[in-house]
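Trainee: Could you take me through one part of this model closely, namely the aromatic residues and the strands that carry them? I would like to see how that part fits into the fold around it.

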Amino acid sequence: MYYEKVYVKIIAEFARFGGLTPKIIVWDNDEKFNVDCVKDVSRAPCKSGGVLPERYTVTVLGQLKYLYYEKDKRRWFVEREIV
């Protein structure tokens, strides 16, 4: 299986003493999805390769998803399977 990065807009909350919490994922068509819960944050490789981003394990609509943050470029992406 092959995957591609899909860059998305994120509405996030910055905590007073540090920390970054994604709250809403916004797609190119302006469709929005609330992030129900952040389960874990760790540096982990993505399936599309090339970088070692921060991986946020989140729940969206009750489903477990991965959301990636490229800290050096300050941008977010998800992965989509290429069929």
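Mentor: Gladly! Let us start with the fold and then move in on the rings. The chain has zero helices and seven strands, and along the sequence the pattern reads β-β-β-β-β-β-β. Please keep in mind that this is a predicted model. The C-alpha trace spans about 40 × 25 × 20 Å along its principal axes. For 83 residues, a compact globule would have a radius of gyration near 12 Å, and the chain agrees with its 12 Å. Of these 83 residues, 30% count as buried.

The seven strands make an open sheet with antiparallel pairing, in the order E3-E2-E1-E7-E6-E5-E4. At the edges are strand E3 (32-34) and strand E4 (37-43), each of which pairs on one side only. From one strand to the next, the twist averages 40 degrees. As a reminder, strands of a sheet pair through backbone hydrogen bonds, either parallel or antiparallel.

Now to the strands around the rings. Strand E1 (residues 2-14) and strand E7 (residues 75-82) run antiparallel and are joined by seven bridges. One place to find this pairing in the viewer is Tyr3, whose bridge partner in E7 is Glu81. Tyr3 lies in strand E1 and, at 22% relative accessibility, counts as partly exposed. The C-alpha atoms of Tyr3 and Gln63 are separated by 19 Å, with their positions 60 residues apart along the chain.

E1 also pairs with strand E2 (residues 20-26), in the antiparallel sense and over six bridges. Here Ile11 has Ile24 as its bridge partner in E2. The hairpin of E1 and E2 has five residues between the strands, and Gly18 takes a positive phi near 105 degrees in it.

Next come E6 and E7, which run antiparallel and are joined by three bridges. Across this pairing, Tyr69 stands opposite Trp76 in E7. The two strands form a hairpin with four residues between them, and Arg74 in the turn has a positive phi of about 50 degrees. Strand E6 (residues 63-70) is joined by seven bridges to strand E5 (residues 54-60), again running antiparallel. Val60 has Gln63 as its bridge partner in E6. Two residues lie between E5 and E6 in their hairpin, where Leu61 in the turn has a positive phi of about 55 degrees.

With the strands in place, look at the rings. The count of aromatic pairs comes to five. One of them is Tyr7 with Phe77, an edge-to-face pair with 5.8 Å centre to centre and 65 degrees between the planes. Because Tyr7 lies in strand E1 and Phe77 in strand E7, this pair ties together parts that are 70 residues apart in sequence. Tyr7 is partly exposed, with a relative accessible area of 31%, whereas Phe77 is buried, at 0%.

Phe77 also pairs with Tyr68: the ring centres are 5.0 Å apart and the planes are at 15 degrees, so this pair is stacked. Tyr68 is buried, as is Phe77. Phe77 thus takes part in an edge-to-face pair with Tyr7 and a stacked pair with Tyr68. Together, Tyr7, Tyr66, Tyr68 and Phe77 form one aromatic cluster.

Charged side chains join the picture too. Lys5 has its charged end over the ring of Phe77, 5.0 Å from the ring centre. The charged end of Arg55 sits over the ring of Tyr66, 4.2 Å from the centre of that ring. In the viewer, you could show Lys5 with Phe77 and Arg55 with Tyr66 alongside the rest of the cluster.

One last point, on the cysteines. The structure holds zero disulfides. Cys37 counts as partly exposed because its relative accessibility is 34%, while Cys46, at 8%, counts as buried.

Methods:
Residues numbered from 1 in each chain as written. Predicted model: local features only at pLDDT ≥ 70, side-chain atom pairs only at ≥ 80, totals over all residues. Heavy atoms only, no water. Disulfide = S-S within 2.5 Å. Buried < 20%, exposed > 50% of the residue type's maximum accessible area, 1.4 Å probe, protein only. Pairing = 2+ DSSP bridges. Axes fitted to C-alpha atoms, helices over the stretch in contact; angles between N-to-C directions. Phe/Tyr/Trp six-rings, centres within 6.5 Å; stacked < 30°, edge-to-face > 60°. Lys NZ or Arg CZ within 6 Å of the ring centre and 35° of its normal. Rg over C-alpha atoms; globule rule 2.2 N^0.38 Å.
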